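Student: Please take a close look at a single part of this model, and then set it beside other parts of the structure.

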Amino acid sequence: MTPVALAVDDLRDQYLREMALVRQTCERTGDGTAAIRRRSAVVDRILIEMWRRAFAGQAAPNVSLLALGGYGRKDLFPYSDIDVLFAYADDRAEEQSREAVRAIIQGMWDIGLRASPASRTLKEAGKFDPDNLEFTLATLDRRFLAGQFPLYQQLHQTILPGLVLSEWNTITQKLGEIARARHAKFGNTIFHLEPNLKDCPGGLRDYHLAVWFALLFHLKETREWPRQRGGVFQSARGDAEAAFDFLTAARCFLHFRHGRDDNTLDWQSQDEAAANSIGLETRGTADPAYWMRTYYRHARIVYRRAALLMEHLPAPVSFYRQFRRRRTPIAGTDFILDQGRIDILPGAQFSDTAAILRIFSLMATHGYTLSQAAEDRITDALPALAIHIPEGPYLWNSLREVLLGPHAAHALRTMHALGVLEMLIPEFHGIDALVIRDSYHRYTVDEHTFLTIDNVHSLRQPTQDYEHRLAQLLPEVDRLDLFLLSLLLHDTGKGRRSGEHAQQSVELADSFLARLDFDTEERESVLKLIRLHLEMSLAIRRDIFDIENVRAFADKVGNPSILKMLTLMTYADIKAVNPEALTPWKAETLWQFYMATANFMDRSVDEVRYHAAIDPTLLNRLRSMVPASQYEDLGRFLEGLPQRYLQTRLPEFIRNHFLLSTRLDEDPVQLELRPLRQLFELTVIVRDRKRLFADVAGALAAWGMNIVKAGAYSNDAGVVVDAFQFTDVFRTIELNPTEKDRFLAHIHDVVAQKVPVEQMLEARAHLNHSNNIKVEVQTRLQFDSDASSHSTLLQVVAQDIPGLLRQIALTLSKHQCNIEVALIDTEGETAIDVFYLTSQGAKLSEETQQALAADLKYALDAMRAPAA
């Protein structure tokens with residue numbers, strides 16, 4: 001066979017001239033998509049001419065030249081390889097064309113085209129090689145260039161469709177496996193400081209992955225290729241196409257900048273791309289953070305669509321599952337559940353926001369995903385849904401269900417991607433794909449927010465030692481819903497780009513909470529967490545064992561409940577900055593500082609008392625809320641009250657308690673009853689006397705109320721403020737509003753010592769029987785005279801049964817113990833009560849502790865003994 005030599009000098013010159021023009025046009029217009037199309041056309045002309053020269057003077061061989069892969073789709077980037085296929089009718093045609101084909105390939109290299117050639121006979125092309133999926137995928141994007149067109153038609157219409165359909169499951173499953181492995185290589189996230197525009201999740205490879213899946217599904221359904229390749233992946237909003245155009249412009253920029261097939265968007269490239277507004281609609285100079293924000297928005301769209309299509313892949317079906325019902329209607333909606341994926345009924349029309357929010361609640365609870373069709377329909381319906389945006393308790397209840405679900409972050413990401421979250425919380429829009437451009441913050445602010453919520457829920461299944469410790473705090477958070485809402489809103493202020501973002505976040509959160517109709521206490525709880533969310537991170541950068549550091553932080557936090565939430569918030573916040581941000585050392589430091597602060601609060605709960613001469617701030621604030629004639633009385637009321645009481649109550653409630661105390665001369669017993677979420681809170685204001693705490697606890701038990709928290713506080717003037725939080729087990733007050741007055745009257749008379757409480761307690765004695773107890777809790781008593789400089793601390797852990805608190809208080813009174821502060825808590829059937837005690841103004845002696853312990857143990861055991 002005679003060797004074939006091709007003269008390609010003129011073609012090389014032609015190629016260089018035309019590529020110089022392609023570059024100039026691309027740099028002038030910023031249109032990367034046009035550039036890759038033009039390069040494809042340039043290479044088409046070169047290869048067709050080379051084909052003509054190579055086979056000149058020969059009988060037309062039965063061979064065709066095809067463009068494959070990126071070249072086949074006319075997506076030929078400036079320095080990408082040229083994928084071509086030489087298709088032969090048979091072995092004889094291949095042998096006859098060998099020299100001409102070799103000359104074409106050599107000519108491509110001589111011109112400067114990086115050739116990536118493949119050769120197949122029709123018989124070989126019809127065989128699937130599971131170890132070379134790349135070739136099969138490349139044939140999905142093919143174009144005829146030169147040679148025998150009937151040969152190409154046979155390949156296009158018969159051989160390749162037959163191959164793909166016969167191996168459809170294998171091809172799609174392996175394609176999914178390769179994509180998942182690539183995503184795992186990049187941490188399954190689009191967020192990288194220096195992303196690879198081609199291979200990273202959300203990059204161009206994912207865009208083509210989505211197109212391949214769409215094409216394969218179309219082929220399986222219709223048994224024919226789509227007339228237009230892109231038609232199977234077009235989005236109604238054009239967001240996928242816009243993402244492709246942006247990524248294409250950026251990749252062309254990188255190729256021209258480096259002079260090679262380099263797809264890494266390094267730090268310097270980001271600066272230069274922003275300076276030239278690469279991929280943006282407006283020309284001029286853009287801020288690098290804004291430019292990267294645009295990149296992440298587009299990458300998010302591409303990654304999401306690719307992931308949805310991968311989830312649509314059919315899983316291997318067992319014999320049993322073939323007979324299971326697959327599609328289950330979701331009651332009250334136009335949605336159906338199909339094997340963990342939520343789809344929408346064909347032709348469904350909806351404008352009911354309630355149904356949409358219910359879908360996201362199901363996603364948060366069970367981890368379901370939406371189908372692409374359902375996502376598109378929800379997005380298309382947003383304008384109609386926006387007319388009827390829910391507010392107040394209804395909106396909060398819907399959002400609360402999402403936040404409390406173990407898959408809350410997944411549901412919130414979906415809501416955010418579809419525009420639902422911003423519709424409900426416009427304050428969130430400012431941090432959409434917002435980039436904090438430094439080497440420390442890996443994620444955009446919105447993704448960082450979702451990760452913080454995910455980090456909290458992940459503590460339900462801890463893996464690291466420090467996670468096991470932090471996970472102990474999670475069940476102790478009274479309002480997990482409010483805590484998670486704080487996380488959702490804690491960084492919204494970063495979108496304003498001015499001032500301290502914590503304060504900006506407080507202002508934005510305040511406007512949203514107003515629309516939820518939160519009561520003052522709920523509102524302040526959320527705002528305080530947001531206001532303080534950086535404080536613990538700052539404190540652990542200092543000496544965590546410095547008592548002044550601990551004291552200053554404890555003063556800011558105010559109470560143990562906020563401390564626990566702030567500790568979890570700090571953990572979740574740091575961990576969500578980047579995968580390496582929370583080192584085991586930093587986690588240990590955080591835990592040690594939490595323990596140091598918690599211990600400080602426990603030790604100082606009875607000794608840190610308010611004195612106006614030291615800190616007049618609170619007094620001055622409250623003076624603005626009362627008449628000037630009451631200033632002196634107000635000062636006497638506040639003087640000597642424990643800081644714990646003042647820090648766990650809003651100023652409005654402190655004012656109300658003061659006003660009640662001014663009426664003690666009219667009525668020596670002042671009561672306040674208010675609903676507190678699922679609880680009631682009873683505040684008793686009276687001058688101190690023996691057995692006061694025991695009598696109130698007994699009266700509540702006599703009415704069947706279950707005390708879950710309590711606190712006893714007194715000021716220097718001997719005025720006592722006792723607060724009891726309880727559940728109305730039998731819904732007496734709720735179902736019988738008139739009973740509220742009788743209830744308060746009875747409590748009043750018991751406290752005023754007009755009515756004995758023992759008789760009603762005896763009537764309920766049968767409820768104490770151990771048969772009603774599900775989990776046995778052994779009584780444990782612990783004394784500590786070192787925890788406080790003024791008092792002896794007594795912790796009682798016992799079975800939570802009616803009358804328990806009263807019995808403890810009676811026994812304390814019997815031993816002449818004065819309750820300086822009482823902290824009552826309940827976890828399930830376990831009562832955990834802490835009392836700060838003095839006897840004749842001093843700590844308890846060892847003898848008193850021993851005698852008290854013996855009497856308490858006897859009294860509490862007797863309460864649990866079966867009735868005779």
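Tutor: In this predicted model, a polar atom of the Ser 839 side chain lies 3.4 Å from the backbone oxygen of Gln 816. Ser 839 is found in the loop that runs between β16 (830-838) and α36 (846-864). Its relative accessibility is 19%, and the cut-off for buried is under 20%, so Ser 839 counts as buried. When neighbours within four places in sequence are left aside, Ser 839 is in contact with Gln 816 and Leu 844. Gln 816 therefore appears in both descriptions of this serine, which counts as buried at 19%.

Burial also describes strand β12 (residues 719-728): 9 of its 10 residues are buried, so the strand is largely enclosed by the rest of the structure. Strand β12 has antiparallel pairings with β10 and with β11. With β10 (residues 679-687) there are 8 bridges, and Arg 687 has Val 719 of β12 as its bridge partner. With β11 (residues 705-714) there are 9 bridges, and here Ile 707 stands opposite Phe 726 of β12. β11 and β12 form a hairpin with 4 residues between the strands, where Gly 718 takes a positive phi near 85°.

Another part of the model is an open sheet of 4 strands, ordered β3-β2-β1-β4, in which the pairing is mixed. β3 (115-121) and β4 (143-147) stand at the edges with a single partner strand each, so one side of each has no neighbour in the sheet. From one strand to the next, the twist averages 25°. Helix α7 (residues 149-166) packs on this sheet and touches β1, β2 (82-88) and β4, with its direction at about 60° to that of β1. Strand β1 (residues 63-67) is paired with β4 in the antiparallel sense over 4 bridges. Ala 67 has Arg 143 in β4 as its bridge partner.

Internal space is the remaining topic. Searching the whole structure gives 4 cavities of 30 Å³ or more. The second largest has a volume of about 100 Å³. Its lining comprises 13 residues, and those nearest the centre are Leu 193, Tyr 296, Val 435, Ile 436 and His 441. Helices α11 (267-275) and α12 (288-311) each supply at least two residues of that lining.

Note on methods:
Residues numbered from 1 in each chain as written. Predicted model: local features only at pLDDT ≥ 70, side-chain atom pairs only at ≥ 80, totals over all residues. Heavy atoms only, no water. Pairing = 2+ DSSP bridges. Axes fitted to C-alpha atoms, helices over the stretch in contact; angles between N-to-C directions. Contact = heavy atoms within 4.5 Å. Buried < 20%, exposed > 50% of the residue type's maximum accessible area, 1.4 Å probe, protein only. Polar contact = N/O pair within 3.5 Å; in protein donor to acceptor, adjacent residues only side chain to side chain. 1 Å grid on protein atoms, 1.4 Å probe; cavity = no way out; pocket = protein on both sides within 12 Å on 5 of 7 lines; lining within 4 Å. Points joined across faces, edges and corners; volume = space filled by probe spheres on them.
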